[in-house]
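Thank you for making time this morning. Before I say anything, please take a moment with the sequence and the structure on the screen.

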Amino acid sequence: MVVITESSVKIDLKAWENKITKKLEVFYNPVMKFNRDCSILILNAYGKKDLQIGMPLSGSGIRGIRFLKELKKGKIKEINFNDYKEDFEKVLEKNLKLNNISKKDCKINIHNKEANSFLHESSGFDYIDVDPFGSPNPFLDFSARRISREGILAVTATDTSALAGTYPKACARKYWSVPLRNYLMHELGLRILIRKVQLIGAQHDKALIPVFCYAKDHYYRIFFRNEKGKKKVDEILKLHKYFLLDKELGFEVSKFNSLEGKEYAGPLWTGKLFDKKLVSKMKKEDYKKVIGSGNKEDVKFFEMLVAESKVDVVGLYDVHELVKKHKIKNNFKFIDLINALKKKKYKVVRTHFSKYGIKSDVGLKELLGIMKKV
Ligand SMILES: C[S@@+](CC[C@H](N)C(=O)[O-])C[C@H]1O[C@@H](n2cnc3c(N)ncnc32)[C@H](O)[C@@H]1O
């Protein structure tokens with residue numbers, strides 16, 4: 001046995017493979033701990049109890065086992081683990097035992113099916129976690145069909161190079177949109193992915209509204225709340241627009257169809273990325289304990305997302321790019337610029353999408369004026 005510990009849970013890494021190799025990332029990827037932490041924070045903050053949970057791509061089962069250990073009492077009515085890997089049942093039984101989880105604690109079902117068959121044969125779930133390697137595309141249709149009203153659909157994509165503009169043709173084929181490859185690429189890539197998932201939801205009259213999203217390491221992550229109803233779906237579709245970047249690095253969103261000669265991305269989601277109220281509840285869920293107080297970078301990252309949820313605007317200014325483009329000589333500190341904007345009553349936050357980025361309701365002209373004076 002080679003046992004690793006993540007938060008409250010132990011996993012035997014040798015349960016599948018005999019050797020510890022790179023291949024084990026398929027089984028357990030430590031980089032994704034924050035991704036799992038966020039699932040716990042969301043589900044604990046979310047009002048619903050007695051959840052029926054579906055994990056079509058369980059891997060080692062660590063996420064679901066953490067749910068069993070870390071979600072509040074009464075949250076889980078039933079949890080369904082699935083993975084098509086050989087011996088999955090045996091592996092999961094072993095890991096449940098390692099964590100002293102008895103199948104009597106709540107209804108735990110283990111399936112060894114192809115993910116779409118698992119979803120298709122189910123009667124639906126209040127939480128579905130689509131956590132594949134690469135694109136979530138193959139699993140979106142059945143997940144959208146099976147997510148319940150007011151349920152949460154969580155989607156991970158690790159094929160960020162298509163979404164962030166390294167391979168625009170792949171983005172067109174897989175995500176039906178045009179990406180941009182510059183400092184805006186991760187925000188725009190995430191918004192392209194959101195629209196794609198929403199279009200799949202729309203086919204089933206389901207309005208998939210993002211409540212918490214981010215881009216981190218090599219992946220994008222989005223949690224959607226499913227609201228049923230044709231009207232809500234129509235409202236979502238109205239927010240699928242283009243993002244236009246001008247030569248001065250100002251930007252706007254537009255339904256505009258003649259894009260010739262313009263630098264643009266889209267169509268993409270131009271609505272909110274966060275449900276502010278839910279995010280502030282997540283923050284009250286003792287997030288430092290869930291993420292681990294020793295895990296300072298992830299704690300800071302989460303706090304940055306909480307701050308960002310309060311200035312939820314489309315697009316960002318990259319201060320370094322602006323300094324270069326407009327040949328601004330002033331050698332100001334980032335924090336002084338933020339304070340100067342706040343003093344002028346603009347909303348402003350740093351953004352996780354770009355190291356030198358800010359999100360603000362300030363216009364480009366005003367921003368450049370302030371940058372020259374700080
Ligand atoms: C990235 S891992 C899942 C990690 C896990 N969710 C976690 O939080 O640690 C993806 C898993 O999906 C499984 N998988 C991939 N395609 C599948 C399919 N079509 N049906 C069922 N399982 C699949 C793989 O065997 C692998 O264990």
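Let me begin with one residue: in which helix is P138 found? The answer is helix α5, which covers residues 137-146, and I should say at once that what we are looking at is a predicted model. P138 has 13 C-beta neighbours inside 10 Å, and because a residue with 12 or fewer would be called exposed and one with 20 or more buried, P138 counts as partly exposed. The C-alpha atom of P138 is separated by 9.3 Å from that of A115, and these two residues are 23 apart along the chain.

A115 brings us to the ligand, since A115 is among the residues that come nearest to the ligand, together with L57, G59, Y84 and D131, out of 17 residues around it. If we sort that shell by class, we find eight nonpolar, three polar and six charged residues.

Let me turn to the strands, starting with β3, residues 51-55, which is mostly covered, with four of its five residues buried. Strand β3 runs parallel to strand β4, residues 76-82, and five bridges join the two; within this pair, Q52 stands opposite E78 in β4.

A separate, open sheet is formed by three strands in the order β11-β10-β12, with antiparallel pairing. Because β11 (251-254) and β12 (263-269) stand at the edges and have a single partner strand each, one side of each is left without a neighbour in the sheet. Neighbouring strands here are turned against each other by 25° on average, if direction is ignored. Between β10, residues 240-245, and β11 there are four bridges in the antiparallel sense, and Y242 stands opposite S254 in β11. Helix α8 packs on this sheet, where it touches β10 and β12, and its direction makes about 40° with that of β12. While we are at β12, please note P267, whose place is in that strand, and which follows G266 through a cis peptide bond, with omega near 0°.

Now to the overall layout. The domain assignment divides the protein chain into domain 1, residues 3-308, and domain 2, residues 317-373, and the C-alpha centres of the two domains lie 31 Å apart. Where they meet, 13 residues of domain 1 are in contact with 13 residues of domain 2. On the domain 1 side, the elements that give two or more residues are α8 (185-202), β8 (206-216) and α12 (296-308), and the largest share, five residues, comes from α12. By class, that side of domain 1 has eight nonpolar, two polar and three charged residues.

I would like to finish with two backbone details. Most residues other than glycine have a negative phi, and with that in mind we can look at S7 and K345. S7, which is not a glycine, has a positive phi of about 50°, and S7 is found in the loop between β1 (3-6) and β2 (9-12). K345, also not a glycine, has a positive phi of about 70° and lies in the loop between α14 (334-343) and β14 (348-350).

Is each of these two residues exposed or partly exposed? S7 is partly exposed, because 17 other C-beta atoms lie within 10 Å, whereas K345, with 8 C-beta neighbours inside 10 Å, counts as exposed.

Methods. Residues are numbered from 1 along each chain as its sequence is written. This is a predicted model: local features need pLDDT of at least 70, side-chain atom pairs count only at pLDDT 80 or more; totals for chains, interfaces and linings use all residues. A residue is near a molecule or strand if its C-beta atom, placed from the backbone, lies within 6 Å of it. Ala, Val, Leu, Ile, Met, Phe, Trp, Tyr, Cys and Pro count as nonpolar, Asp, Glu, Lys and Arg as charged, and the others, Gly among them, as polar. Domain bounds come from an automatic or database domain assignment. Two residues are in contact if their C-beta atoms, placed from the backbone, lie within 7 Å. Two strands pair if DSSP finds at least two bridges between them. Axes are lines fitted to C-alpha atoms, for helices over the stretch in contact, and angles run from 0 to 180 degrees between N-to-C directions.
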